[in-house]
Amino acid sequence: MKLVTYVREDVDQLAMLVNGTLYNMQDLHPELPSTMHMFLQMWEEVIDLAKAIDARLKEGHSPRSNIHGVPFEGVQLLAPVPFPTSCRDGYAFRQHVAAARRNRKVDMIPEFDQYPIFYFTNHNAIQGPGDIFCMPDHFDKLDFELEAAVVICKRGRNISAAEADDYIGGYMIMNDMSARTLQMEEMKLNLGPAKGKDFSTVIGPMLVTPDELEPYLIPAKNGHTGNNFNLKMRCRVNGVQVSEGNMGDMDWTFAEIIERCAYGADILPGDVIGSGTVGTGCFLELNGTGKLNDPNYKEQWLQPGDVVEMEIDGLGILTNTIVAEETEFSILSLKKNI
């Protein structure tokens, strides 16, 4: 099942996406909720009904004669989970971590292979396809990060990795936008990334339930537990591909990340959890590798007007345009001289 949130009469509307057409949930059946927030809260009560209706739509049978749907291409999309209860981001791809450390001329950190980690980012800055508004300081090394993400669909605590996949409602593309100068400055103080990340995290364009991805299932890496998927990942900037990877390269599974998230803490319906950046999945890594191989390599960073397209097999294409806010206000200029 593919679930989409879009703007309908100035409010968020949850719909099923079938063959390019959106069908509003509450139009399909009176027991189905009209928003993603309600759907996640009621997940175990309504998921079987929703899947049954989705199957009938795919067979060409509408559950009600007056249901026609609206074209997917003609609506204003929101994040599929527009109001998450929290947003965490993991660090699951060893290739990305190793390359970034190699480019900084430091050894691979052994703790990466001992346990999965994550950080909390600003869940109020979640957005979907469309414009990403950036302040002047964000454009000091503005970056994308190509990731996948999941949303939690039922409350849990102290969950083992072996059972954690049952708590995943669906998968989506994530672009963890990053202002690298702000990020690197504050992380010298061993806090953050905070201002380097809190202005925008993009998810979308749809939420895809795990059953849709079963044909892509592959074993987790040796010594790891949880579902893993052979899904190609790509990022294009202004139509030029700059990044390519695969979800199957995740060293730590989402199940293992969830196990750590839920240790001594509740996870809630609506919690979004990102995978971390795939190998080659950001300009920071690409620029570092380029300069390591060629001191004259010209760095690339995102600029106003750039169009960023992220694509993951089975999860769609997430498209955003970088827009400069009309202001000259800078927090970097407020630094005290010492």
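D113 is partly exposed, its relative accessible area being 43%, and this residue of the predicted model offers a convenient place to begin a walk through the charged contacts of the chain. D113 is joined to R94 by a salt bridge in which the closest N and O atoms stand 3.1 Å apart. The two partners come from distant parts of the chain, since R94 belongs to helix α4, which covers residues 94-103, while D113 sits in the loop between α4 and β6 (118-120), with 19 residues separating them. R94 is likewise classed as partly exposed, with a relative accessibility of 31%, a value that falls between the 20% and 50% limits used for buried and exposed residues.

From this pair one may turn to the strands, where R236 takes part in a salt bridge with E309, the closest N and O atoms being 3.4 Å apart. Because E309 lies in strand β21 (residues 307-312) and R236 in strand β17 (residues 232-237), this contact ties together parts of the chain that are 73 residues apart in sequence. R236 also forms a salt bridge with E311, and here the closest N and O atoms are 3.1 Å apart. That second pair again links distant parts of the chain, with E311 in strand β21 and R236 in strand β17, 75 residues apart.

The surroundings of these side chains can be described through their accessibility. R236 counts as buried because its relative accessibility of 15% is under the 20% limit, whereas E309, at a relative accessible area of 21%, is partly exposed. The arginine that contacts both E309 and E311 is therefore on the buried side of that limit, with its relative accessibility of 15%.

Beyond these individual pairs, D143, E145, D176, R180 and K197 are connected to one another in a network of salt bridges. For the model as a whole, the count of salt bridges comes to 20.

A last stop concerns a residue described here by its position and its exposure. P219 is located in the loop between β15 (217-218) and β16 (228-229), and P219 is classed as exposed because its relative accessible area of 70% is over the 50% limit. Along the sequence P219 and G248 are separated by 29 residues, and in space their C-alpha atoms are 8.6 Å apart.

Conventions
Residues are numbered from 1 along each chain as its sequence is written. This is a predicted model: local features need pLDDT of at least 70, side-chain atom pairs count only at pLDDT 80 or more; totals for chains, interfaces and linings use all residues. Side-chain values use heavy atoms; hydrogens and water are left out. Helices (H or I, at least four residues) and strands (E, at least two) are DSSP runs, numbered from the N terminus. Buried means under 20% relative accessible area, exposed over 50%, partly exposed in between (1.4 Å probe, protein chains only). A salt bridge is a side-chain nitrogen of Lys or Arg within 4 Å of a carboxyl oxygen of Asp or Glu.
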